[in-house]
Amino acid sequence: MPYEGQQASKRGHIDIVKNDDVKKFLSECAYLTQPGDQAAVSIAAHYKPAPKCDVLPQLVVASDGSAYSEPIDKKFPSTQVGYVKTSFMAFDMGDYNGLVTPGSPFVDPYAAASLHNKARAVAFTLPGSNVRYKGLRVQDGFRRAVYEQLSDERTQIPRGGFSVKDMLYHLEGGQIAIEKCPSCGQGGPHLFKRGKDESACSGCGATVYVTDSLRIHEQISDQGDNSSAITRFMNAVEHLQLATLLKAMADNNLSTVSGTAIMVDGPLALFGQPARYHASIQAFYYGLFERCESAGLPPPLIMGMQKDGMVMEHARALSPHLKNGTFCAISDQYRAEFINGIAPLTDNFGHETYYGQDFIYKTDSGRIFDVCLAYPFANKRNRKEFSGQKADPKNYDRWLARAFALIRHLEFDLYENSVVPVALAHRHASISLSPGGTLLDVLTKKHLS
Ligand SMILES: [Zn+2]
């Protein structure tokens, strides 16, 4: 998605909001508006001085994904192929320094270019509608392509070793069950463990793959637009690759992980069919935090940076009323009262999708950020209780000051309210035409020894 100022909107401008029918309809709707001065002052009272420190991570890994669904031949617009690219930028903090001259709002273009050259992309090509991969039915071909590409060398660390597909087993405790055949619906269950990734359906003979547990194929239809399935795949695969990367690093050297910050473009959440994996990703990161803790090391920073969405729109509207250097955790109550303007829809916002907590942070220089920090909890057992715990800043003592220090260090003026690595990863994901590489290339030998 483009940053503000990066790409102009191409929407046609018929101002429907001024249309009388629409006006009448809107008079009966509740929606987000600019808070009045008095309201803004009372919301701003929830903001507290942001904790400070000057500890920066040694390694920053930023990621962003982009997805395309396009007709193969313009004469047959409903015959489509999907292309997903996840871009990663990993850089040692030492290499970053010098990119921004102190006191200047500008980035050194040569330093930015050399940083940009370090970005690595992993690309996936998937059959869309009306494309039969390896002669299989459209949906079966899609399942097979997902299985092959999440198993092959593009996501393996080390080469010939552990892939995103293997990470699924690790996340789910070694064994994965799929209840029904995804092709004919006949009951199983089909059981998978490392080394046994495939199973045959006794009803229709179709092959069931362990990666079918992501359920992305459910959105694929023979005809029609499959771009939402491709987008879901992108979202899931970006988060799964980062987890795989961290597992590989942790297996090699825990202190490298401890000194690492992960910056995802967007919230720490998995949406749609693959959402179930958000819970095991949360548990995996919690386990990593605990391992670092018992080794006497600080836990890594796992953060999502959101540049749009309702929280960010609210933050921008509120920003003039906030003091510099303040922050607030977005609790479910805050979200309901000040952002959505209606009572909470569930006992715990994001219960089925989120593995991180949103914080609004206004930096010392007055820029505003929505930063999502990984939940420091193994699970969300009690919805109501969790809803309170997750938004208590005390539970983020080990991360908040470091997260804010990193944002302050990386903020810059080129794109409004963005940080350099996320902006560069985004640029790489959206414009680079270089062919995809492997996840292994993201890290250097140093990071894996
Ligand atoms: Zn079957």
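Let's start with two strands that lie side by side: β2 and β3 pair in the antiparallel sense, and 13 bridges hold that pairing. If you want a spot to look at, find Tyr-68, which stands opposite Tyr-83 in β3. Keep in mind as you explore that this is a predicted model.

Stay with β3 for a moment. The strand spans residues 80–92, and it is mostly covered, with 11 of its 13 residues buried. On to its pairing with β4: these two are also antiparallel, with 8 bridges. Here Val-84 has Phe-124 in β4 as its bridge partner.

Now go back to β2, which covers residues 59–71, and look at its pairing with β9 (residues 260–265): this one is parallel, over 5 bridges. Val-61 is a handy marker, since its bridge partner in β9 is Ile-262.

Time to zoom out. These strands belong to an open sheet of 9 strands, and the order across it is β1-β11-β12-β13-β10-β9-β2-β3-β4, with mixed pairing. The edges are taken by β1 (48–49) and β4 (120–127); each has a single partner strand, so one side of each is left without a neighbour in the sheet.

Next, pick out β13 from that order. Is this strand enclosed or open to the outside? All 7 of the 7 residues in β13 (residues 368–374) are buried, so the strand is largely enclosed by the rest of the structure. In a regular strand, side chains alternate between the two faces of the sheet. You can follow this along β13: Ile-368, Asp-370, Cys-372 and Ala-374 point one way, Phe-369, Val-371 and Leu-373 point the other way, and all are buried.

What about the strands beside β13? One of them is β12 (residues 356–362), which pairs with β13 in the antiparallel sense over 7 bridges. Within that pairing, Gly-356 has Ala-374 as its bridge partner. The two strands form a hairpin with 5 residues between them, and in this hairpin Gly-366 takes a positive phi near 95 degrees. Strand β10 (residues 301–306) also runs antiparallel to β13, joined to it by 4 bridges. There, Gly-304 stands opposite Cys-372.

Some of these strand residues turn up again in the core. In soluble globular proteins, nonpolar side chains tend to be buried together. Here the largest nonpolar core has 106 residues, and those with the most contacts inside it are Phe-233, Met-263, Tyr-285, Met-303, Met-305, Leu-373 and Leu-406. Helix α7 (residues 227–252) gives the most to this core, with 13 residues. To get a feel for the packing, zoom in on Met-303: leaving out residues up to four places away in sequence, this residue touches, among others, Ile-262, Met-263, Val-371, Cys-372, Leu-373 and Leu-406. There is also a second, separate core of 16 residues, which includes Ala-40, Cys-328, Tyr-334 and Ile-360.

Ala-40 leads us to helix α2 (residues 37–44). Which residues of α2 are buried? They are Ala-40, Ile-43 and Ala-44. These residues cover an arc of only 100 degrees around the axis, which puts them on the same side of α2. That buried side packs against α10 (310–318) and α11 (332–340). On the face turned away from it you'll find the exposed residues Gln-38 and Val-41.

Now for the metal. Which residues hold the zinc ion? It is coordinated by the SG atoms of Cys-181, Cys-184, Cys-201 and Cys-204, at 2.3 Å. Along the chain, these donors follow the spacing C-x2-C-x16-C-x2-C. The site is tetrahedral, with angles of 105 to 112 degrees among the 4 donor atoms. Two of the cysteines make a nice contrast: Cys-181 is buried, with a relative accessible area of 3%, whereas Cys-184 counts as partly exposed at 42%.

Let's finish with Leu-443, which sits in the segment after α14 (420–431). Leu-443 counts as buried, at 7% relative accessibility. Setting aside neighbours within four places in sequence, Leu-443 is in contact with Leu-59, Leu-245, Met-249 and Leu-448. Take Met-249: this residue and Leu-443 are 194 residues apart in sequence, yet 9.1 Å apart in space from C-alpha to C-alpha.

Conventions: Residues are numbered from 1 along each chain as its sequence is written. This is a predicted model: local features need pLDDT of at least 70, side-chain atom pairs count only at pLDDT 80 or more; totals for chains, interfaces and linings use all residues. Side-chain values use heavy atoms; hydrogens and water are left out. Buried means under 20% relative accessible area, exposed over 50%, partly exposed in between (1.4 Å probe, protein chains only). Two strands pair if DSSP finds at least two bridges between them. Donors are N, O and S atoms within 2.8 Å of the metal (3.2 Å for Na, K and Ca); water is not among the atoms, so sites may look incomplete. Four donors count as tetrahedral if all angles lie between 85 and 135 degrees; four count as square planar and six as octahedral if opposite donors are over 155 degrees apart and all others between 65 and 115; anything else is irregular. The arc is that of the directions from the helix axis to the C-beta atoms. Contact means heavy atoms within 4.5 Å. A nonpolar core is a set of buried Ala, Val, Leu, Ile, Met, Phe, Trp, Tyr and Cys residues joined through side-chain atoms within 4.5 Å.
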